[in-house]
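Please look over the sequence and the three-dimensional model before reading on. The paragraphs below begin at one helix end and work from there into the interior.

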Amino acid sequence: MLKPLMLVPVMFLSSCTANKWWAQSTQDNSRQVASMSVQQLVMEKKNNFNEEIDEKLHSLHSYYVIGQKNLVDFDSQISESDVTSLYESPAYLNLLAVRTQTEEIEHELVELWDTLSNDKDKSDLKLAMQIKIAAFAKKSPIASLSMENLASDIGMKVPSQTNSQKSKLVPLDIQKEYKAMEALREFVVYEKNIEHLSHMLDTKSTGSGKKFYPSPSRPGSITGNEFPEKVWSLTYDDGPGKLTSPKIIQSLKERKLKATFFQLTKQVKALPSTAKEIRDAGMEIASHSYTHLQLTKVGGATLDKEITQATQELEKLNNFDIKFFRLPYGAGVGASHIREKIAENGLIHVFWNIDTLDWMAQEPQKIVERTISLMKKTPRDAGVILFHDIHQRTAEASPKVMDYLMKDNRRVCTLDEIVTQMNEGVEKVCP
Ligand SMILES: [Zn+2]
């Protein structure tokens, strides 16, 4: 999926140290390798390593610049658009596409980090990687933001100086960085890539009924727009998160609220005690696939693993039936073979009508403001709110959204409670 990136000219990787091995022809290369000393080989490996990291950090930054620009566009459209057209707008689809890209790069870097961590001879490379990330974060306000998720994934603190930059990020900063990037030839490649990917994301979700059951058609899909007046469901995806989920659970407990956690089976297996803590707090558990792939791009066997196996294993780990599934990035909600697979497993698909866009690095207060503005746009002051319990900023923004939810007679229930009561025709759902 990232392949177009590889075309990005290497010339941009100016922070790369040492010799230009990439400038040599392949023929030259093979002759040279034969006569290379071990020391030279080690050097070359290091150069490759440096270059790979530099290229990935640069890509990450470029996508974050595009992302931040689209985030400003999205936020500015909230007041004048209705919810449905907001989620069909180019700004929103571009944001989803940016997320698929940044997440893939972050994932590759975390994998590299894990590989290095498993080899004690590689601690110098780990240190080199940390230094690179810290140095990159100091380049500009968005460069700093673009390192935030990655740094947190590898348990590293982005230098505090960048934290103060972060809180000062204003549209003008974004415009400036965007303009500077636009001047670079390869930036067009990144933009085209996002545009292309956003066209391929199939996220059109229809749901307007009052009854729900596993089905590849309308009754098997929830957006939250169907919910009765003032009825809300809080949902958290991609977890468990080691440090962040417990904080969110604490905020929920303090307010006697229950939320639904759409979990990745791989993540539950990696963090069994955090998963247990969520379960023991009486939260609802739902499935969000095995590893968070974009399922519109995978074949039958992978689809089976990501939906069937993911849910079955999650049921075993929890010892109860899973009823709801959410597609990673919401991608594939209109694809019949994917919807059939979800229904076959006895699951109802859950989309959202409030996307907090909390995966993007930003001030927590921005997330709160966006969420409340979007909630006000819903016709019945009701729906499904999408958060991710793997980010510190989400743990900070969540309590404020919870407090808003508890005002003006709004009611918060788990998806199962709402769906069961709606199916039974209960007069006051989620009392
Ligand atoms: Zn997700």
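**From the last helix to the core**

Helix α18 is followed by Gly425, whose phi is positive, near 70°; helices (H or I, at least four residues) and strands (E, at least two) are here DSSP runs, numbered from the N terminus. Residue numbers count from 1 along each chain as its sequence is written. The model is predicted, and local features need pLDDT of at least 70, side-chain atom pairs count only at pLDDT 80 or more, while totals for chains, interfaces and linings use all residues.

The pLDDT, which is the predictor's confidence in each residue from 0 to 100, has a mean of 88 over the protein, with 89% of the residues at 70 or more. Over residues 1-28, however, pLDDT stays under 50, and the model has 29 contacts beyond four places in sequence for this stretch, a contact being two residues whose C-beta atoms, placed from the backbone, lie within 7 Å. Where pLDDT is low, the predicted coordinates should not be read in detail.

Returning to helix α18 (residues 415-424), its buried residues are Leu415, Glu417, Ile418, Val419 and Met422, where buried means that 20 or more other C-beta atoms, placed from the backbone, lie within 10 Å of the residue's own (exposed: 12 or fewer; partly exposed: in between). The elements covering these residues include the strands β2 (231-239), β3 (260-263), β4 (284-287), β5 (324-325) and β6 (348-350).

Ile418 also belongs to the largest nonpolar core, which has 105 residues, and is among those that touch the most other members, together with Met147, Val231, Phe261, Phe324 and Ile385; such a core is a set of buried Ala, Val, Leu, Ile, Met, Phe, Trp, Tyr and Cys residues joined through C-beta atoms within 7 Å. Helix α4 (residues 90-117) gives the largest share of this core, 10 residues. Because domain 1 (3-200) and domain 2 (218-424) both contribute residues, the core lies between them, the bounds coming from an automatic or database domain assignment. Leaving aside residues up to four places away in sequence, Met147 touches Ile133, Phe136, Ala137 and Val158.

Strand β8 (residues 383-388) has 6 of its 6 residues buried. It pairs with β2 in the parallel sense over 6 bridges, pairing requiring at least two bridges found by DSSP, and Ser233 stands opposite Val384 in β8. Strand β7 (residues 354-355) also runs parallel to β8, joined by 2 bridges, and Ile354 has Ile385 as its bridge partner in β8.
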